Amino acid sequence: MNVLSMKIQSRVGMIESVVEAFTSIAQSLAVSEENRWDIEISLREALANAILHGNHKDESKSVTVRFLWDEKQFILSIKDQGEGTSSTPPPLPTAEETPEDFFPPLHGRGKLIIASKMDKSIYQRRKIGLGRLLRNPPPPPGQPTPSPPP
């Protein structure tokens, strides 16, 4: 399993540098557009939560990001220096519920988005772990299945 760790200052403007590192990894793995997009959205939401809600935008604090990956899965670990959060991810709303029914305005939507995009999300006191199996969509009918990258 490959590993990349980064520590960033607790500033919203730093999110893009972490996304760029993820994009580079995703390109090297030839990750499908759907997988890349879902992981990127989740990464952005988790980083925003860590910076805004965990560290309360305190630039003297940092956020540690760890990527673990191979050709079958991608795992993210994001740790802030805040007080902590609920240890359980929110349940997804039913078809009859809307996010507005489910969460107060401006709070909890990031966790809901993450839960809908990742295969697994684990919330610990000051840390979130996210996992995604790298499922590639089947090729169009009549097209050969692409071989994995070397």
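The exchange below asks how several labels used for this predicted model are justified.

Me: Why is N55 called buried?

Reply: N55 has a relative accessible area of 0%, and because buried means under 20%, N55 counts as buried. In the chain, N55 lies in the loop between α2 (33-54) and β2 (62-69).

Me: What makes the approach of the N55 side chain to the backbone oxygen of S62 a polar contact?

Reply: The side chain of N55 reaches that backbone oxygen of S62 at 3.0 Å, and since a polar contact is a pair of N or O atoms within 3.5 Å, one able to donate a hydrogen and the other to accept it, the distance satisfies the cut-off. A polar atom of the N55 side chain also lies 3.2 Å from the backbone nitrogen of G82, a distance that can be set against the 3.5 Å limit in the same way.

Me: Which residues does N55 touch, leaving aside those up to four places away in sequence?

Reply: With contact taken as heavy atoms within 4.5 Å, N55 touches S10, A50, K61, S62, V63, D80, Q81 and G82.

Me: What makes the pair F67 and F74 tilted?

Reply: Their ring centres are 5.7 Å apart, where pairing requires centres within 6.5 Å, and the 50° between their planes is neither under 30 degrees, as stacked requires, nor over 60, as edge-to-face requires, so the pair of F67 and F74 is called tilted.

Me: Why, then, is the pair W69 and F74 called stacked?

Reply: The centres of W69 and F74 lie 6.2 Å apart, with 20° between the planes, and because planes under 30 degrees apart count as stacked, the pair receives that label. Ring pairs link F22, F67, W69 and F74 into a cluster.

Me: How do you know that F67 and F74 are buried?

Reply: F67 has 0% relative accessibility and F74 has a relative accessible area of 1%, and since the cut-off for buried is under 20%, both residues qualify.

Me: Which residues of the largest nonpolar core touch the most other members?

Reply: Of the 31 residues in this core, they are L43, L47, F67, F74 and I78. At least two core residues come from each of β1 (2-9), α1 (15-29), α2, β2, β3 (73-79) and β5 (127-133), and α1 supplies the largest share, eight residues. Not counting residues up to four places away in sequence, L47 touches I8, I15, V18, V63, V65 and I78.

Definitions and conventions: Residues are numbered from 1 along each chain as its sequence is written. This is a predicted model: local features need pLDDT of at least 70, side-chain atom pairs count only at pLDDT 80 or more; totals for chains, interfaces and linings use all residues. Side-chain values use heavy atoms; hydrogens and water are left out. Helices (H or I, at least four residues) and strands (E, at least two) are DSSP runs, numbered from the N terminus. Buried means under 20% relative accessible area, exposed over 50%, partly exposed in between (1.4 Å probe, protein chains only). A nonpolar core is a set of buried Ala, Val, Leu, Ile, Met, Phe, Trp, Tyr and Cys residues joined through side-chain atoms within 4.5 Å. Rings of Phe, Tyr and Trp (its six-membered ring) pair if their centres lie within 6.5 Å; planes under 30 degrees apart count as stacked, over 60 as edge-to-face and the rest as tilted.
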